[in-house]
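Here's a quick briefing on one chain, meant to be read with the model open beside you. Take a look at the fold, then work through the notes by topic.

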Amino acid sequence: MEPAYVADDGAVPGESFEYGDSAYAKLQRLAGKFNIEQRGIERVPENERHDDSLLNVGTMWLSANMVVSSFAIGLLGKSLFFLGFVDAILVVLFFNLIGIIPVCYFSTFGPRFGLRQMVLSRFWFGWHGVKLIALFNVLACIGWSSVNCIVGAQLIHAVNHDVPGFAGIIIIAICTFFVTLFGYKVVHAYEFWSWIPTFIIFMIILGVFAHSGDFQNIPMGVGTSELGSILSFGSVIYGFATGWTSYAADYTVYQPVGQGRTKVFFSTWLGLIIPLLFTEMLGVAVMSATSINDGVNRYQDGYDASGTGGLLAAVLFPTLGTFGKFCLVILALSIIANNCPNIYSVSLTMQVLGRWTQRVPRFIWTGVATGVYIAIAIPGYSHFEAVLENFMNFIGYWLAIYEGIAFSEHFLYRRGMTGYVPEHYDQPRKLPPGFAAILAFCFGIAGMVTGMSQVWYVGPIALHAGKAPYGGDVGFELGFAFSFTSYAVLRYFEKKYFGR
């Protein structure tokens, strides 16, 4: 019987399934005819890792973050947390520097092991424990995609009020689907170039806004209320920056095993930090114009009417007219670059949930995920700001806990890269049992709850980190600390009892 999926060079991956003329086999053969990537979460053999371009690594994240969604994050400093200009800029700088470190570090695992991020997580959470993490990652990928689509739809609506929000969402989602359908090579090819037009548009926005003279240097606040606002805005910034952690290695698995880890780390670092700081700081600056008090404020009116799109329309339309509308359409389409990593990785994550989910080809899961996030984004369109803040905090919380456990295992027990046997990735009995990781995850949640500050709940520690009634959000810091420390202790006993 012929294997259902054969790698490009004829080698059968470690977790291949033999179905002959089954539906799975037929789908894979059909995919091969259209040059659609057939590989799922199987390990990439060393002789198939031909992508040695560090530019591919950097531009992947440069394009994914040089988008209007990043700009929208900067707006929250004033609109939700009432920060001044300088303090908001400092929050953007320092919390981004913290948030991108795990993404850069885990990106270096891809060339070394040829394994996707969720598959790598089996070495920290075990065969069964990683399924909990995979569920969180599915929620994250779908959630990010929904939120991003909403931002893009707002821009399209600002250009033409006759285009309803749902139409913009569907346009962006379908375009993203066709890029991610073909897999790793096409995603990288798209991301290699897509940052260029978006960067040009952002430079036009910067030039027009600077020339308008409407920038307002809102003074910094003081006291406990300022502390709480900084911590809470920082939590959102961190959540956006670190949001790529759970699929970092997915985009370096075809890099050769000998690729320098330092080179991969800093290629990723540059690809992340440049667009994040540029777009978010630009968002902080443009949002300052909503504080102008002399009569009608077109910036505030635009933001109230159409959110991010309305604010950008207030910057561009009076000066550039029809060309300004063209600029907004380009920015709306930049969401495709932002969503490609989400939708490509969610299809891989689905395959980690069980043997039966792996029997569904990756590209089928890509289509299913697209339909799901469209269904979420359309009703969420009218509640974007609240959805964005709550979702960013959620992402920051769970990923901080994930990072705490992963770093604890990697540095304290694996003692670096030499502590892994990548061939064990699909052998449950040679992986950790996962009890320590799941318990540590629960401890991380406990830490998160004591430090979180949401409209519907404020933890006891968060209450003291700012002014009542909302305090300041320290949920991700405590989630990381609790999970890292508890795992370090629990893993010792797990290894002693189980021997693995």
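With 500 residues, a compact globule would be expected to have a radius of gyration near 23 Å, and the chain agrees, coming in at 23 Å. That radius is taken over C-alpha atoms, and the globule rule is 2.2 Å times the number of residues to the power 0.38. Bear in mind that this is a predicted model, so local features need pLDDT of at least 70 and side-chain atom pairs count only at pLDDT 80 or more, while totals for chains, interfaces and linings use all residues. Residues are numbered from 1 along each chain as its sequence is written, and side-chain values use heavy atoms, with hydrogens and water left out.

**The chain as a whole**

- Secondary structure here is a matter of helices: there are 21 of them and 0 strands. Both are DSSP runs numbered from the N terminus, with helices being H or I over at least four residues and strands being E over at least two.
- Laid along the principal axes, the C-alpha atoms fill a box of roughly 75 × 50 × 40 Å.
- Of the 500 residues, 61% count as buried. Buried means under 20% relative accessible area, exposed means over 50%, and partly exposed is in between (1.4 Å probe, protein chains only).
- The chain's accessible surface comes to about 18900 Å², and 69% of that belongs to carbon and sulfur atoms. These areas come from the Shrake-Rupley method with a 1.4 Å probe, and for residues only the protein chains shown count as cover.
- Take the contacts between residues at least 6 apart in sequence: 83% of them join residues at least 24 apart. A contact here means heavy atoms within 4.5 Å.

**Two helices to check by length**

- Helix α2 covers residues 54-65, and its 12 residues should span 16 Å at 1.5 Å a residue; the end C-alpha atoms are 17 Å apart, which agrees. The expected span is 1.5 Å times one less than the number of residues.
- α2 is mostly covered, with 10 of its 12 residues buried. Among them are V57, M60, W61 and L62.
- At the N-terminal end of α2, S53 acts as the cap: a side-chain oxygen of S53 sits 3.3 Å from the backbone nitrogen of L55. For a polar contact, the cut-off is a pair of N or O atoms within 3.5 Å; within protein, one must be able to donate a hydrogen and the other to accept it, and residues adjacent in sequence count only if both atoms are side-chain atoms.
- Helix α17 (residues 362-380) has 19 residues and reaches 27 Å from first C-alpha to last, close to the 27 Å expected. Its buried residues include F363, W365, Y373 and I374.

**Long-range neighbours**

- L431 sits in the loop between α18 (384-414) and α19 (435-451), and L431 counts as buried because its relative accessibility is 0%. Its C-alpha is 8.2 Å from that of W124, though the two are 307 residues apart along the chain. Leaving out residues up to four places away in sequence, L431 touches R122, F123, W127, H424, Y425 and R500.
- V92 belongs to helix α4 and is also buried, at 0% relative accessibility. V92 and F233 are 141 residues apart in sequence but 8.5 Å apart C-alpha to C-alpha. Beyond its neighbours within four places in sequence, V92 is in contact with F233, I237, L277, E280, M281 and V284.
- L320 lies in helix α13 (residues 298-320) and is partly exposed at 27%. L320 touches I204 and V208, again not counting residues up to four places away, and the C-alpha atoms of L320 and V208 are 8.7 Å apart across 112 residues of sequence.

**Positive phi**

- Most residues other than glycine have a negative phi.
- N35, in the loop between α1 (23-33) and α2, has phi near 60 degrees. N35 counts as exposed, at 66% relative accessibility.
- F82 has a positive phi of about 55 degrees and is found in the loop between α3 (68-79) and α4 (85-99). F82 is exposed, with a relative accessible area of 68%.

**Cysteines**

- The structure holds 0 disulfides, a disulfide being a pair of cysteine sulfur atoms within 2.5 Å.
- For C104, the nearest cysteine sulfur is that of C141, 18 Å away. C104 is buried at 0% relative accessible area, whereas C442 counts as partly exposed at 45%.
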